[in-house]
Structure formats: structure tokens, C-alpha cells
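Please open the model in your viewer and keep the sequence panel beside it. This tour suggests what to select at each stop and tells you what you will find there.

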Amino acid sequence: MRTGLRLLLSALIAIVIGCSVSPPSRFADPRFAPRGRVGGGDPGCEQAKLVSTGGAFPENPRTLAIRWTGYTNFEVVYNGQIILLDAHFDRGSMFPSLGFTAADVKRANVILLGHGHLDHMSDAASVGTRTGAIVVGAPVTTDKLKTQPIDPKQIRTVTGRGGELLEFSGFKVEPILGRHGEPPKDVTAAFDNALKAVAPKPTAEQIAERNEIRQRGTNDPRVVAEGTIAYLITLDNGFRIMFRDSGGTVTDYEKAAMARVGRVDVALVAVSASFLHTLTAQRALEHMRTYKPDVYIPGHHDAPFNGLWRATEPLFQAVKDDHPNIITVSRAYREPICFDTENNIQSRQRK
Ligand SMILES: [Zn+2]
């Protein structure tokens, strides 16, 4: 009995001590930056609300806040500027909600469209018009955009074949011609058919809804070799972000750009659509060996209407086996990932 009481007492003490220790911040800076209040009581680094839908900017303009919002949509906030990477928010009732709609996106400075498939650009015209943002894309993407209700003066067409540099307040953007994913048809057909047999069947209304959204993207075959743009974003203090919204093979243009800059701080890269982890990991390794990021944040891994997500853990393991120091980060929709941008590869090299 006495032993029982003692156990109960020590359990109570453990609970009390446990409660008095403040829990670590859920949204801690993945670089564990020592300065500023990155992730420590800064609403701009703690709220799961996009800045473009009315959420808080980070308190320090040098803090970078990145939020993933499904597929390869990312919101990137820095120095009072809001950059949207891709624009596919109203995905339809077959998809889980992102927690906001395209109509909620009321402020943005720049929209960078990686390519023109519906799941990357379907809300670019409406969001561009509401926010007045500059919208950037390849010729095949902006051709499609120009058929939609948006002021052509907001549209910038880039080829990514070199010599293009877009300058904005506090950052610049270099478009680089990438290549769209081309997953092996024998693998995708087998998986697609199997999933079709077991996934819930879309209703007639859902098919109609999807077709309406489909009208706001392009299926032009030029998307593969001429229409997929990787964007290298360089902040005014040297911090570099690579955004690539399709899991295709690395191009000579990308190799040349990376030979020039060396490495990036953060890579926001699509998981390839090849279903088998052996294949998706192989492509992730190809991307990581090219961009050599400090931090890898994947995209395009949430499920289409068949319900099957693309697993990120096998990629993370393969990438870490290849490069133990790489930091891999995957968060829920809208959860912020904050960085102290003064701590970056270029600034460390200068020291
Ligand atoms: Zn695509």
C-alpha cells in the first residue's frame, strides 16, 4: 500500500513538473536560428493562416515565412512582400479543403506559375485580378492566362532559357527552363486502374465541377519541354529558394544555373508522380544533388481524388542516406515554416 502511494505521489510530481516546462514551439525555425523571434511568440510564424488571406506578416522583415497549401502551392512572405508559387486553391469537392478559397486571397505581389496544367494555374487569373499581382509563366502558360479575365499588363512571359531576371522589392527571380514529369506509363496505368476500382466513384456533379476547373488550365503538349519553369528566388541578403513544381528530370538549363550559384538554402520541389517509391526517390535524389539545399520541403504529395498521397518519408530517408546534413520539412496545409534569412549559405561563405 505504502509503495502504491509513493508511486502515485511520484506520478503526480512528474505530471506537475511536466506541466511547468513550456512545450517547444510547434513552428520552430528548422534552421534553429538564434537571433530574433523566429518562431518564438511571433504570430507571423505561428498562425496557420496565410498572410495573403489576412494573416500576420512576420515581425522581423528579414524573417521568411513559407506555407504549403496543397499540391505545389506555396506562400512565400519576406520583407513585407507576398509571393504565391502556383495558384490552384479551389480544387473541388473531391479534395480535402485547404481551409481557405481563392476568393479569400486578397493580397499578393507576385504569382510565379511553374506550369500551365490546371492543378497549377486554375486560380491565377482571379487571384491575380483581385490582388493586382504580377503573374509570371512560360509562353504556353501565359497564352492560356490571356484568354481569361485578367489585365494583360500584369502578365510577364518568360522562357527560362537564360538572361531573364525579374527584380522586385527585396528579392529577384531567375526563371530556368525545367521539364515536366513523365512517369512511366506501364506503372501509372496499373496503379490508376487499381485505384479506380477501389476509390469512391466521383458523382456526375463532381465530374462537371472538375471539368469546369480544367478549363482554366492547359493541356498543350508544349508544357513538357517548353512550359515548365523552375524559379530561383534570391533575397536581397543572398538567401536562395528554388521552386520546381513538377517532378521531371533535371535540364541542362538547371545544371548551368546551379553550376553558377552552387547551392540553395531551401528547395521547394514536387514529388514525382511515379507511384513507386524506388522511382520517386530516384528523382528526388537527382533534384537534391542538383540544387544541394540546406532544407528540402516537398510539394505535390497530397492526394488527387483517388485518396492516395505520395509518401514523403521514403524520399526523406533516401535523401538523408545520400546527404546526412540535409533538413527535410513537411507540414500540414498553411502551417508556417520560418527562417532567419540572415543565416544563409552565401553569408556563411563571406565570413
Ligand atoms: Zn503538370
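The stops below go from the whole chain to single strands, a metal site, and a few backbone angles.

**The whole chain**

Begin with everything displayed, and keep in mind throughout that this is a predicted model. The chain has eleven helices and 14 strands, and buried residues make up 52% of its 351 residues. If you switch on a surface, you will be looking at about 15900 Å² of exposed area, of which carbon and sulfur atoms supply 57%. Among the contacts in the chain with a separation of 6 or more, 71% are between residues 24 or more positions apart.

**Strand 1 and its two partners**

Next, select residues 63-68, which form strand 1. Is this strand enclosed or open to the outside? Six of its six residues are buried, so strand 1 is largely enclosed by the rest of the structure. Thr-63, Ala-65 and Arg-67 lie on one side and Leu-64, Ile-66 and Trp-68 on the other, and both of these faces are covered.

Now add residues 74-78, which are strand 2, and you will see an antiparallel pairing with strand 1 over four bridges, in which Ile-66 has Val-76 as its bridge partner. The two strands form a hairpin with five residues between them, and Gly-70 in the turn has a positive phi of about 85°. Strand 1 also pairs with strand 14 in the antiparallel sense, over five bridges, and there the bridge partner of Leu-64 is Phe-339.

**Strand 5 between strands 4 and 6**

Move on to residues 134-137, strand 5, where Ile-134 and Val-136 point one way, Val-135 and Gly-137 point the other way, and all are buried. Adding residues 110-112 shows strand 4, which pairs with strand 5 in the parallel sense over three bridges, with Leu-112 standing opposite Val-136. Adding residues 155-157 shows strand 6, which runs parallel to strand 5 and is joined to it by three bridges, with Ile-155 standing opposite Val-135. If you then include helix 4, residues 139-145, you can follow the chain through a right-handed β-α-β unit made of strand 5, this helix and strand 6.

**The nonpolar core**

Keep Leu-112 on screen and show its surroundings. Leaving aside neighbours within four places in sequence, its contacts include Ile-83, Leu-85, Val-136, Val-173, Ile-233 and Phe-243. Which residues touch the most other members of the largest nonpolar core? In this core of 59 residues they are Leu-85, Leu-112, Ile-233, Leu-268, Ile-297 and Phe-339. Another core lies apart from it, with 22 residues, among them Val-261, Val-269, Ala-281 and Met-288.

**The seven-stranded sheet**

Now select strands 7 to 13, which form an open sheet of seven strands in the order 7-8-9-10-11-12-13, with mixed pairing. Its edge strands are strand 7 (166-168) and strand 13 (327-328), each of which pairs on one side only. Inside the sheet, strand 9 (residues 229-235) and strand 10 (residues 240-244) run antiparallel and are joined by four bridges, and Ile-233 stands opposite Ile-241 in strand 10.

**The zinc site**

Select the zinc ion together with His-115, His-117 and His-180, whose atoms NE2, ND1 and NE2 respectively are its protein donors, lying 2.1 Å from it. The site links distant parts of the chain, since His-115 is in the loop between strand 4 and helix 2 (118-121), whereas His-180, 65 residues apart from it, is in the loop between strand 8 (171-177) and helix 5 (185-198). His-115 counts as buried at 1% relative accessibility, and His-180 counts as buried at 15%.

**Two backbone angles**

For the last stop, remember that most residues other than glycine have a negative phi. Select His-300, in the loop between strand 12 (295-299) and helix 10 (313-322), and you will find a positive phi of about 65° in a residue that is buried, with a relative accessible area of 9%. Then select Arg-334, in the loop between strand 13 and strand 14 (336-340). Its phi is also positive, near 75°, but Arg-334 is partly exposed, with a relative accessible area of 22%.

Note on methods: Residues are numbered from 1 along each chain as its sequence is written. This is a predicted model: local features need pLDDT of at least 70, side-chain atom pairs count only at pLDDT 80 or more; totals for chains, interfaces and linings use all residues. Side-chain values use heavy atoms; hydrogens and water are left out. Buried means under 20% relative accessible area, exposed over 50%, partly exposed in between (1.4 Å probe, protein chains only). Two strands pair if DSSP finds at least two bridges between them. A crossover is right-handed if, with the strands pointing away from the viewer, the path from the first strand over the helix to the second runs clockwise. A nonpolar core is a set of buried Ala, Val, Leu, Ile, Met, Phe, Trp, Tyr and Cys residues joined through side-chain atoms within 4.5 Å. Contact means heavy atoms within 4.5 Å. Accessible areas come from the Shrake-Rupley method with a 1.4 Å probe; for residues, only the protein chains shown count as cover. Donors are N, O and S atoms within 2.8 Å of the metal (3.2 Å for Na, K and Ca); water is not among the atoms, so sites may look incomplete.
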